[in-house]
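This report describes a model by its cysteines, the relation of its chains, the fold of a chain and the surfaces around DNA. Please look through the sequence and the structure before reading on.

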Number of protein chains: 2
Amino acid sequence: MTRERTIANRPLTPRGAVTKQRIIEAAAELIYLHGAENVSLDTVMDVTNTSKSQLYHYFANKQALIRDVIDLQTSRILAANASFLGALDSFVALRAWGDMIIAAFRASSGIGGCPIGSLASELSTQSEEARLQLRQSFSDWSNVIENGLRRMRQIGQLDSDTDVAAVAVAMVAAVQGGIILAKTSRETRPLELAIDMALAYVKRHASVVVG
Amino acid sequence: MTRERTIANRPLTPRGAVTKQRIIEAAAELIYLHGAENVSLDTVMDVTNTSKSQLYHYFANKQALIRDVIDLQTSRILAANASFLGALDSFVALRAWGDMIIAAFRASSGIGGCPIGSLASELSTQSEEARLQLRQSFSDWSNVIENGLRRMRQIGQLDSDTDVAAVAVAMVAAVQGGIILAKTSRETRPLELAIDMALAYVKRHASVVVG
DNA sequence: TCTGCAATGGACTGTCCAGTCCATTGCATT
DNA sequence: AATGCAATGGACTGGACAGTCCATTGCAGA
């Protein structure tokens with residue numbers, strides 16, 4: 001054991017933890033609105049009333065801050081999805097999940113899109129570390145969906161041979177693609193159409209005709 | 001009529017036109033690989049063996065260059081799609097279209113994704129002009145698909161009440177979303193799954209069961 | 001061959017920005 | 001009260017980059 005400490009496990013007082021969290025949340029908001037490359041540390045400083053020393057006290061560099069932002073956004077998305085899919089038991093409930101996604105997009109006024117989707121598009125080719133982190137985010141997300149579908153399969157709503165993993169990935173793709181078109185056109189309709197497609201893709205495996 | 005000329009209609013000698021085109025194509029390649037914000041004019045100069053004066057001789061500013069790059073990439077995508085969808089008459093032909101998309105992604109080694117999709121994600125919230133241009137690109141693209149589907153409907157392969165416009169938009173969304181997941185994971189499978197979903201969504205409207 | 005303009009060369013400026021460095025302040029433990 | 005370290009302040013550096021400016025070169029028509 002050396003006396004050295006990495007920035008990651010640097011001792012944090014409660015006061016410090018609050019400041020760090022405040023920085024992460026503000027950075028998440030800024031990056032969501034403008035993209036990681038378009039948010040300077042100076043802007044983060046202004047918005048959070050912090051100094052450069054504080055940023056470099058709590059984060060090794062900008063990339064480390066982005067890493068924490070991705071973690072935060074991923075956990076938010078997983079939480080929102082899990083609350084709709086954690087006990088998925090009907091196509092009506094699945095529709096409610098789709099409506100939640102659409103409502104979330106509407107709430108952003110058609111700006112920003114998906115917090116991790118935008119970052120994936122921006123960073124996947126720039127930073128291998130970010131790419132792997134975002135791959136995990138997508139994987140976690142599709143797993144939440146997959147578990148919901150699996151439950152529907154267990155209770156007999158879906159055919160027993162339904163490839164829930166494959167369908168879940170396709171559903172995430174539909175959401176991501178729909179959001180890109182929606183934010184480019186500033187209309188909700190492309191996202192609605194994409195989600196309709198995703199839900200129809202699930203219904204195709206319905207054990208009984210449900211609508 | 002004033003003597004003033006905008007940069008857009010500045011007289012171009014054949015020699016100048018060649019240089020301008022060379023710049024646009026090189027910039028398109030660089031932007032495809034690294035994103036618009038991550039390509040500096042100095043890099044474009046290096047790659048094309050041009051000087052700063054030349055860039056500003058042929059383009060009003062960086063944004064104007066990006067505009068021409070989007071035009072180029074859009075025309076390439078439309079051409080590739082039209083060659084598969086221009087005389088669409090069967091689900092087999094539609095499958096060939098999907099395979100072309102997958103092959104194009106593979107050819108990029110899983111890097112870069114869709115030239116206009118990446119730009120849409122990056123620029124839609126940064127530049128209103130770029131956003132509108134990219135919205136038109138997506139619209140043109142889905143129109144090509146829509147016309148293909150309409151033809152299939154006309155020849156009786158699809159139900160007469162099929163909403164070809166809606167299905168076409170959903171298909172574009174599937175492709176875009178599939179590409180994001182594919183480039184983030186550096187695997188082709190998410191794109192394949194998304195395209196399977198899109199094709200299934202079309203087949204749902206098949207007049208006769210085709211498999 | 002002369003003239004005018006397109007084409008090209010390349011230095012220079014102003015700004016933005018990530019990261020460094022040297023402080024001072026505040027708090028908790030002894 | 002003294003000590004040590006976390007927390008904070010803020011000036012400074014070096015580099016990147018879009019855009020400007022003043023040239024020189026090349027070519028085509030008169």
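A disulfide is counted here when two cysteine sulfur atoms lie within 2.5 Å of each other. By this rule there are zero disulfides over all chains. A:Cys114 is in no disulfide, and the nearest cysteine sulfur, that of B:Cys114, is 18 Å away. B:Cys114 is likewise in no disulfide, its nearest cysteine sulfur being that of A:Cys114 at 18 Å. Buried means under 20% relative accessible area, exposed means over 50%, and partly exposed lies in between, computed with a 1.4 Å probe on protein chains only. A:Cys114 is buried, with a relative accessible area of 6%, and B:Cys114 is buried at 5%.

The model is predicted, so local features need pLDDT of at least 70 and side-chain atom pairs count only at pLDDT 80 or more, while totals for chains, interfaces and linings use all residues. Residues are numbered from 1 along each chain as its sequence is written, chains are lettered from A and ligands numbered from 1 in the order in which they are written, and side-chain values use heavy atoms, with hydrogens and water left out.

**The two protein chains**

Copies are superposed by least squares on the C-alpha atoms of residues with pLDDT of at least 70 in both. A rotation of 180 degrees, with 0.0 Å of shift along its axis, places chain B on chain A with an RMSD of 0.0 Å. That is the relation of a two-fold axis. B:Gly177 is the residue of chain B that comes closest to the rotation axis, its C-alpha lying at 1.9 Å. Contact means heavy atoms within 4.5 Å. Of the interface residues of chain B, 100% are also interface residues in chain A, so the copies meet through the same surface.

**The fold of chain A**

Helices (H or I, at least four residues) and strands (E, at least two) are DSSP runs numbered from the N terminus. Chain A has nine helices and zero strands. Its C-alpha atoms fill a box of roughly 60 × 45 × 30 Å along the principal axes. Chain A has 211 residues, of which 52% are buried. Among the contacts in chain A with a separation of 6 or more, 70% are between residues 24 or more positions apart.

**A residue in helix H4 of chain B**

B:Thr74 sits in helix H4 (residues 62-85) of chain B. Is B:Thr74 buried or exposed? B:Thr74 is buried, with a relative accessible area of 8%. Polar contacts are pairs of N or O atoms within 3.5 Å; within protein, one must be able to donate a hydrogen and the other to accept it, and residues adjacent in sequence count only if both atoms are side-chain atoms. A polar atom of the B:Thr74 side chain lies 2.8 Å from the backbone oxygen of B:Ile70. Apart from neighbours within four places in sequence, B:Thr74 is in contact with B:Ile116 and B:Ser137.

**The surfaces near DNA**

A residue is near a strand if one of its heavy atoms lies within 4 Å of it. DNA strand D is surrounded by 19 residues, and the closest are A:Thr13, A:Ser53, A:Gln54, A:Tyr58 and B:Leu41. Sugar and phosphate make up 61% of the atoms of DNA strand D that come within 4 Å of the protein. Helix H1 (14-34) and helix H3 (52-58) of chain A, with helix H2 (41-48) and helix H3 (52-58) of chain B, each supply at least two residues of the surface near DNA strand D. H3(A) gives the largest share, four residues.

DNA strand C also has 19 residues around it, with B:Thr13, B:Ser53, B:Gln54, B:His57 and B:Tyr58 coming nearest. Of the atoms of DNA strand C within 4 Å of the protein, 62% belong to sugar or phosphate and the rest to bases. The largest share of the surface near DNA strand C, four residues, comes from H3(B).

Some polar contacts with the two strands are listed below.

| Protein atom | DNA atom | Distance |
|---|---|---|
| A:Gly16, backbone N or O | strand D, phosphate oxygen | 3.4 Å |
| A:Tyr58, side-chain N or O | strand D, phosphate oxygen | 2.7 Å |
| B:Lys52, polar side-chain atom | strand D, base nitrogen | 3.1 Å |
| A:Leu41, backbone N or O | strand C, phosphate oxygen | 2.8 Å |
| A:Lys52, side-chain N or O | strand C, base nitrogen | 3.0 Å |
| B:Ser53, polar side-chain atom | strand C, base oxygen | 2.3 Å |
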